[in-house]
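Colleague: Please walk me through one pocket and the elements that go with it. I would like the lining first, then the strands and the core.

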Amino acid sequence: MKTVTIEDIVKRFKLEVLIGHNRLDRVLKKTKVRRPGLEFMDKFDFIAKEHVQILGKNEINYLHTLSDEECKLRIANIVEYDPPCIIITSNQEEPLGLQRYCTEKHIPVLRTPDSMTEMSAKLDAYVTKEMAPEIAVHGVCVNVAGIGILLRGKSGVGKSETAHTLIGRGHRLIADDIVVLKKLSPQTLLGTHDEKNKEFLALRSIGLLNVVRLYGRAAFQEESRIALDIELTEWQENTLNNELELDEKFKTYMDVPVPHIQIQLQPGRDVAGLIEAAANNWYLKQQGYSAVEEFMKRLEPEFEE
């Protein structure tokens with residue numbers, strides 16, 4: 001898991017540093033920002049600690065109504081929970097009590113022109129992704145019609161070539177060879193590149209390609225939620241290749257289950273077309289439709305006879 005410092009969010013969101021220029025190396029430990037409420041009234045032991053505190057117009061207006069000493073007491077309640085920093089939104093003027101107390105306690109105070117709602121959403125999303133548990137897997141990640149797909153298989157099986165064909169059909173590359181998987185929640189897995197392989201696709205006999213330079217910005221995407229795990233394997237004779245797959249199979253990454261299918265390769269098979277079909281079929285399932293279930297219902301009258 002990567003660490004995120006106050007300096008990282010200052011640079012990312014172009015925040016103004018009002019107090020604590022020498023403490024921007026502080027590390028964030030919690031992924032969600034907090035808007036103080038009860039903390040302004042009294043101290044509560046059950047309130048979560050170590051969160052970034054964000055002050056909107058309501059909070060700042062309230063602090064401006066207080067005397068310096070009263071403001072200092074209210075700010076003390078926030079500092080008690082050891083926030084890595086305090087962010088003032090909408091370019092508001094910081095109350096003097098806030099300035100004095102945070103200077104004494106070495107708490108960085110930052111300011112942004114964004115509203116509290118905008119800043120909270122952007123910061124939560126950024127920190128959650130940056131601090132998410134992650135692993136690197138060998139494979140290719142593509143986005144097919146808005147659906148993130150992880151392609152796996154033995155080296156040389158044709159993963160990159162298949163990705164190249166998909167790009168030619170209007171789909172997008174996310175990562176080739178090394179795919180970074182981030183666990184955003186118990187149900188959500190995000191696929192992305194490792195920065196080094198960003199925009200690059202390696203094809204045997206051709207070499208390294210920059211898909212953005214060759215095919216334009218639409219050929220590449222920074223990240224995508226992984227909806228399907230597709231394994232490309234060599235063709236196996238005497239195996240059932242048209243089974244109905246009544247029981248869905250899954251591949252698990254960091255305890256997140258991902259629907260899994262296997263595509264056997266054979267000369268003449270349109271692998272890219274099969275992947276498009278798998279993506280579209282997955283989408284229909286999310287809408288509540290199953291071709292297998294409809295087919296089985298059509299067979300029911302025959303079984304009853």
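**Pocket, strands and core**

Modeller: At least two residues each come from α5 (116-130), β7 (172-185) and β8 to the lining of the second largest pocket. The model is a predicted one. Among the contributors, α5 gives the most to this lining, with four residues. In total, 16 residues line the second largest pocket, and the space in it is about 470 Å³. Nearest its centre lie Glu130, Lys182, Thr192, Glu195 and Glu223. By class, ten of the lining residues are charged, four are nonpolar and two are polar.

Two of the names above lead on to the strands. Thr192 is in the lining, and strand β8 covers residues 188-192. Glu223 is in the lining as well, and strand β11 covers residues 223-234. These two strands, β8 and β11, run antiparallel and are joined by three bridges. One position to look at is Leu190, whose bridge partner in β11 is Arg225.

Strand β11 has further pairings. With strand β6 (residues 147-152), β11 pairs in the parallel sense over five bridges. There, Leu150 stands opposite Asp229 of β11. Strand β13 (residues 256-265) also runs parallel to β11, and six bridges join the two. In that pairing, Leu232 stands opposite Ile263 of β13.

From here the path goes to the largest nonpolar core. That core has 30 residues, and those touching the most other members are Val142, Ile149, Val211, Ile230 and Ile275. The elements that each supply at least two residues of this core include β6, β11 and β13. Also on that list are β5 (134-144), α6 (159-168), β9 (200-203), α7 (211-215) and α8 (271-286). The greatest share comes from α8, with six residues.

Ile230 is a useful place to look at the core in detail. Leaving out residues up to four places away in sequence, Ile230 touches Ile149, Leu150, Leu151 and Arg152, together with Ile261, Ile263, Ile275 and Ala278. Leu150 is the residue that stands opposite Asp229, and Ile263 is the one opposite Leu232. Ile149 and Ile275, also in contact with Ile230, are among the residues that touch the most other members of the core.

Apart from this core lies another, made up of 21 residues and including Phe13, Val52, Ile54 and Met119. Of these, Met119 falls within the range 116-130 given for α5.

Definitions and conventions: Residues numbered from 1 in each chain as written. Predicted model: local features only at pLDDT ≥ 70, side-chain atom pairs only at ≥ 80, totals over all residues. Heavy atoms only, no water. Pairing = 2+ DSSP bridges. 1 Å grid on protein atoms, 1.4 Å probe; cavity = no way out; pocket = protein on both sides within 12 Å on 5 of 7 lines; lining within 4 Å. Points joined across faces, edges and corners; volume = space filled by probe spheres on them. Nonpolar A, V, L, I, M, F, W, Y, C, P; charged D, E, K, R; others polar. Core = buried A, V, L, I, M, F, W, Y, C linked by side-chain atoms within 4.5 Å. Buried < 20%, exposed > 50% of the residue type's maximum accessible area, 1.4 Å probe, protein only. Contact = heavy atoms within 4.5 Å.
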